[in-house]
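Good morning, colleagues. Please take a moment to look at the assembly on the screen before I begin.

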Amino acid sequence: MSVDINNNGPLIRIEDVSKIYHQDKPDEVRALQNISLEFFPGEVVALTGPSGSGKSTLLSLIGCMARPTRGTIYLQDRRVSRLPESFLARIRRETYGFVFQQYHLLRDVSVLDNLMFPLYPAAIPFKTMRERALVLLAQFFLTDKQKTKVRQLSGGEQQRVALARALMADPPIIIADEPTAHLDAELSLELLNILAELNTEGRTLIIASHDPVMCQAPLISRRVALRHGELVDDNRDGAGL
Amino acid sequence: MILHPGILALLLGSILILLLLLVAGGVALRILRHWNADSGSATQLQLERQTWLVSTLLKYAFGFQIVTLFLFLFTLDEIHPLFVGAMCATGSLNANLVGWLVLLVKIGLVFAAAFWLAVNYLDQRTEDTPLVRIKYVTLLLLIPLVALDLWLQWEYFSGLRPQMITSCCGSLFSAEGEGVISTLAGLPVEQAMPLFFAVVLLYAVLLLASLRWRAMLLRTLLFVASVLLFFVSLAALVSFLSLYIYQMPSHQCPFDMLQGHYYYIGYPIYLGLFMATLFAMLPGLCRPLATTLSLDEELKSSEPVWLRLALFGLILFLVTSCWQMVFGPLILLGY
Amino acid sequence: MILNVKLLEYSLSSLWRRKEKNIALIIVYALVIATLGSVLLLTHALKTEAVTTLTAAPEIVVQRTQGGRHELIPVTYAETIAGFPGVGKVTPRVWGYYYDSLIKANLTLVGVEGYHEQLELLEGRFPQAADECVIGAGVAEAFGPQIGDLLVLEDSSKRRSEFRVTGIFRAASNLLTNDLVVLQEAALRDFFAMPAELATDLTVQVYNPREVSTIAKKIAYFLPDSRPITREELLHTYDSLFNWRSGMMLAVFISALMAFLILAWDRATGISAEEKREIGILKALGWETSHVLGAKLREALLISLTAFIVGLLLAWLHVFVLGAPLLMPLLKGWSVLFPTFDLTRVVDLYQLAVLGCVTIIPYLACTLIPAWKAASSDPDDVMRG
């Protein structure tokens, strides 16, 4: 495990981080500029801002999917901003659960395999992995769908599969990108309940959203606002923007 | 001569290996020029991804090299009826002496590629990859060796003239011959056998000691002992082990044992010897790298695995090569 | 270890999900392997056939040449040669070709005396009277007679001769006996109108194999108009001929392989959007470049091995069951050399190794770079949509 649960210091420390895509080329994009932030264990953070403000980029930096062009990122005491990609991949599968806007499930693959394939590189025996997947599917009322291909599931079911997949490695941090974008009001509420439950289990949640239902939800403990790749507000009291 | 199907396959294989290495070499040059581990630039990211391409290319080139080494020996055996006087692969090699050089270069390449892959494996497991420069400079040095292999093979096969009268293992490895090989083969069994077993014993003791203690000196000694083991074993194979394997008092060919008549016993023999040599050389060879902290950590976890693999190789080699000596009916030394 | 099994399982699942594309690829690949394999199997079988035949042949055959052409040899030469030290039996042989205009085939007529030791496998008995004969399986098939029937041949002066069939050859190697008609020597001399003091050639038995070349030199020295041919020389000639032929054809078919590899490269590079998406998702969720690469290369290996086995089976069926109908037209040279016959079904490890080297290694080498390209996508592509 790359995270020590008993450590009360900041979980993630971002120091003066910039991310520039296509650097020194005509189509250069400065997605993030000089961001400094700290996230603590057990927080539920909402990243807000209009589309193109750099929310997704910040999430991918936090989630170790990309490395910053400048600046440093620490996961607890470990400097992760300059690690080779293979180490980042390992941190991703051990530490983070991801829920994407488009779900990003493997459409032609069964629900069960969707949960297991991402964990294949981990040194977990096949049997243990399968047991864990079946427990999660039962929890999300998907037991009878385990052999079904994702293509044949409804939107709400796909959302639940995506959540179950994020929890496969029992990660301490959940990263969600616009999780309610494709859900109706009822399903959004259901999702909020699940997220609240995950938080009570001790997991840290970092959610990028511009959906008011999500941002104003009582479980959000902190709001971080971005605009044009810069930090404009960091509100820790749960008060409105 | 070149149009023999096996020779075509060999040349094709060597050309492909060279191509793989040239691609890897191109990447290596780019890495050597632009590598900057502290940079967050897209170029650096691109280079890091290309290191995976290089290690895969090298892994495959290594695999192909082993396959073509055996195919080479196999082909030598296959074409020997074309030469008057040749009774096995040795005869084909003698038909054009460049053949011995080809064999030497091929074996050298297998070892070199294995070392490179071992170092690469260590380096890729560390966060700071301290060996990038060394790795890619040595990679560039491997390319001329591969090209040499291809060229020598071409020279060998195009220089072969059917009907050429050559000498075979019987005369080459007999005591009357001249040169190093005959001298080795001519070693009386009474001297060769104790020498062989003394070296095996020395090697085994050092290996077990290295498993127990992590002293630098032990590893250096083991390195020397494994090189010694390799050559003494080859000599022993020619001088007396082959006699037991073939159950004939005068057949001293180191290649025939790879054939079906001898139940392919040569494959486990050479595989065992190769493993015993390679994996016992690695700890000594990689020891200077232990000065880097991250590599030292990796070495600590890899060394026991290597040493155990070497031990396994030694046992495999001893069991398969000495089996007939203990249980076979042929007796060279009358006690 | 677990990782290897899991990656393999993923590869299998991935191949299965794109089965239409992959089966098409395997079929084309297997056909290429079958073509190359047929060449190797056929030439090897022919070579084995020739070698089996020749091991039964005498150490030296002595012919006489006149004006550079093969002429009948005086029987007295046999006594001269038999006088050399180290020489065993010297036997004059009488044989010749006979063209039958009715079935348009060439037969080889031989006198039984020169062939006794070589031709053992026989159903029935050897001819004991002037009007008896033994025939090869090919002759029996073409003319239709069985043991006890009559074989009718016309000699040079168009005189009809009838021979009663007393036996048929069923040799392990058909090569030598297929087109054979064995008669008593006197009957054959009569048929060919050949004088009694001449023979077609002489066979020389040599006790010590090391002395063969010395004795051959001696014969050529003492009988300057003779041409001794040693068995070794024949073997070398066949060997070089077959190696050259198969190498030649292999070289031609390697171009077919190249065409296939271009196709394979194209297939491997143009991975589908869905596959690209899948790899992107797995990388985002924690797969390393090396894992994706490993899975992709396992796919290539699985495809190669499947195609190799299928292709090899096809080649085996083509050569040994169907008699290589697709290659025979290209082998005009051989069909002149040998009449049709069943090939001995031999496949040796060396042919497999060569076939594997020529087909699997290039394919794997070709898939390396496309596989790496597919594996080295940006993990955060998924996040940025």
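I will go through the chains and their contacts in turn.

Let me say at the outset that this is a predicted model.

I begin with chain B. Its secondary structure comprises 11 helices and 0 strands, so the pattern along the sequence is helical from beginning to end, α-α-α-α-α-α-α-α-α-α-α. Chain B has 335 residues, of which 43% count as buried. If we take the contacts in chain B between residues at least 6 apart in sequence, 74% of them join residues at least 24 apart.

Next, the interface of chain B with chain C. Here 28 residues of chain C are in contact with 26 residues of chain B. On the side of chain C, the elements giving two or more residues are helix 8 (231–269), helix 10 (289–321) and helix 12 (349–375). Which of these contributes the largest share? That is helix 12 of chain C, with 12 residues. By class, this side of chain C has 19 nonpolar, 8 polar and 1 charged residues.

One helix pair across this interface merits a closer look. Helix 2 of chain B, residues 42–79, packs against helix 12 of chain C at an angle of about 170°, and the axes are 11 Å apart. Angles over 145 degrees count as roughly antiparallel, and therefore helix 2 of chain B is described as roughly antiparallel to helix 12 of chain C. From helix 2 of chain B, the contact includes B:W52, B:Y60, B:F64 and B:F74. From helix 12 of chain C, the participants include C:Y350, C:I361, C:L368 and C:W372. The contact of these two helices has 16 nonpolar, 1 polar and 1 charged residues; B:E78 is among the residues that make it.

Chain B also touches chain A. In that interface, 10 residues of chain A are in contact with 9 residues of chain B. The residues on the side of chain A divide into 4 nonpolar, 2 polar and 4 charged.

I now turn to chain A itself. In chain A, 6 strands form an open sheet in the order 6-7-8-3-9-10, with mixed pairing. Which strands stand at the edges? They are strand 6 (96–99) and strand 10 (230–235) of chain A; each has a single partner strand, so one side of each is left without a neighbour in the sheet. Neighbouring strands of this sheet are turned by 15° against each other on average, direction ignored.

At one edge, strand 6 of chain A pairs with strand 7 (residues 173–177) in the parallel sense over 4 bridges, and A:G97 has A:I174 of strand 7 as its bridge partner. Helix 5 of chain A, residues 155–166, lies across strand 6 and strand 7, running at about 170° to strand 6. Helix 1 of chain A, residues 55–62, lies across strand 3, strand 7, strand 8 and strand 9, and runs at about 150° to strand 8.

Finally, I return to chain C. The domain assignment gives domain 1 (2–53 + 237–381) and domain 2 (60–229). The C-alpha centres of these two domains of chain C lie 47 Å apart. Strand 9 (residues 150–154) and strand 10 (residues 160–169) of chain C run antiparallel and are joined by 5 bridges, with C:V152 standing opposite C:E162. The hairpin of these strands has 5 residues between them, and C:K158 takes a positive phi near 60°.

Methods:
Residues are numbered from 1 along each chain as its sequence is written. Chains are lettered from A and ligands numbered from 1 in the order in which they are written. This is a predicted model: local features need pLDDT of at least 70, side-chain atom pairs count only at pLDDT 80 or more; totals for chains, interfaces and linings use all residues. Domain bounds come from an automatic or database domain assignment. Two residues are in contact if their C-beta atoms, placed from the backbone, lie within 7 Å. Ala, Val, Leu, Ile, Met, Phe, Trp, Tyr, Cys and Pro count as nonpolar, Asp, Glu, Lys and Arg as charged, and the others, Gly among them, as polar. Axes are lines fitted to C-alpha atoms, for helices over the stretch in contact, and angles run from 0 to 180 degrees between N-to-C directions. Angles under 35 degrees count as roughly parallel, over 145 as roughly antiparallel, 65 to 115 as roughly perpendicular and the rest as oblique. Two strands pair if DSSP finds at least two bridges between them. A residue is buried if 20 or more other C-beta atoms lie within 10 Å of its own, exposed if 12 or fewer, and partly exposed in between; C-beta atoms are placed from the backbone.
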